[in-house]
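Me: I'm new to this structure and would like a close look at just one part of it. Could you walk me through it in plain words, one piece at a time?

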Amino acid sequence: MSEEQPRVLVITKVEKQKRGKHRYNIFLNEEYAFSVHEDILVKHRLNKGETLFQDQLQTIVQDEERNLGYVKALHMVGRRPHSLAELKRKLKEKGFESDIVAWVANKLVEQNYINDEEYAKMLTDHRVVSQKKGRHLIRHELQQKGIHKDVVKDSIESINPEDEYAAAFKIAQTKWKQTSGKTVDRKRKTAAFLMRRGYAGALVQRVLKELSQGNEGEEMDFDDEHFAGDFY
């Protein structure tokens, strides 16, 4: 008995989609088979009359999935920067298989669209200066985004203590002015506010000392565990 010959598939029609920009419908043996991006069409020379075998078809489908994942990933990082783990999670949520996700992620890393070191430093600087958040809150956010612990450590250590203090003092001044009551009560409420924003105990004490100059009130000690649960 002779071996079964592989089925030959003939491209009988190539149709440009009306709504899908740069996308084409491929018909094999007079039936709709799949759609591809223009880049995949050109790469595999999917012209009318060409023949395909099953193994070729599998390669085409894989390349199309990779291209689709790559385009979606570019849209994501184009809207805002992403960490590597964050990008992978979103691609999986969109239904891409693990091998496609890995391929797309590696490609974006190679092209420097994804760079966790740069991303962590940029986010840290923005949170300190623009959003006036403390290092504890920033560390937690970086960890939640799947940034490697060594990168998180380097980013937190790069924070300029005086920039962090200036940001904390500015928002503490506003809180202090809005808070009524005795000095000790104002200090307690302002301290709680700062620590919920992730500022360390030593920095909070420094800010409170500056704010309460000339006001009577008991000294208050805050360590880094104080109010820890409030900002997680």
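Reply: Let's start with Leu-194, which touches Ala-168, Ile-171, Ala-172, Tyr-199, Val-204 and Val-207, if you set aside its neighbours within four places in sequence. This is a predicted model, by the way, so keep that in mind as you look around. You'll find Leu-194 in helix α9. Its relative accessible area is 0%, and because buried means under 20%, Leu-194 counts as buried. Now look for Lys-133: along the chain, Leu-194 and Lys-133 are 61 residues apart, yet their C-alpha atoms sit 8.5 Å from each other.

Next, go back along the chain to the loop between α8 (161–178) and α9 (183–196), where you'll meet Thr-179. With a relative accessible area of 9%, Thr-179 is buried too. What does Thr-179 touch, not counting residues up to four places away in sequence? The answer is Arg-186 and Lys-189. Take Lys-189: ten residues separate it from Thr-179 along the chain, and the gap between their C-alpha atoms is 7.6 Å. There's also a link to Lys-175, since the side chain of Thr-179 reaches the backbone oxygen of that residue at 2.6 Å.

α9 also leads us to another helix, α6. The buried residues of α6 pack against α9, and against α5 (116–129), α7 and α8 as well. Which residues of α6 are these buried ones? They are Arg-135, His-136, Leu-137, Ile-138, Glu-141 and Leu-142.

Let's stay with α6 and see how it meets α7. Helix α6 covers residues 135–144 and helix α7 covers residues 149–157; their axes come within 10 Å and cross at roughly 155 degrees. Angles over 145 degrees count as roughly antiparallel, so that is how α6 and α7 lie to each other. The crossing of α6 past α7 is right-handed. On the α6 side, the residues involved are Arg-135, Ile-138, Arg-139, Leu-142 and Gln-143, and they meet Val-152, Ser-155 and Ile-156 of α7. Sorted by class, that contact is made of four nonpolar, two polar and two charged residues. Notice that Arg-135, Ile-138 and Leu-142 turn up here and also among the buried residues of α6.

One last stop: after α6 comes Gly-146, and its phi is positive, near 80 degrees.

Technical notes:
Residues numbered from 1 in each chain as written. Predicted model: local features only at pLDDT ≥ 70, side-chain atom pairs only at ≥ 80, totals over all residues. Heavy atoms only, no water. Axes fitted to C-alpha atoms, helices over the stretch in contact; angles between N-to-C directions. Helix = DSSP H or I, 4+ residues; strand = E, 2+ residues; numbered from the N terminus. Parallel < 35°, antiparallel > 145°, perpendicular 65-115°, else oblique. Left-handed = near helix turned anticlockwise from the far one by under 90°. Contact = heavy atoms within 4.5 Å. Nonpolar A, V, L, I, M, F, W, Y, C, P; charged D, E, K, R; others polar. Buried < 20%, exposed > 50% of the residue type's maximum accessible area, 1.4 Å probe, protein only. Polar contact = N/O pair within 3.5 Å; in protein donor to acceptor, adjacent residues only side chain to side chain.
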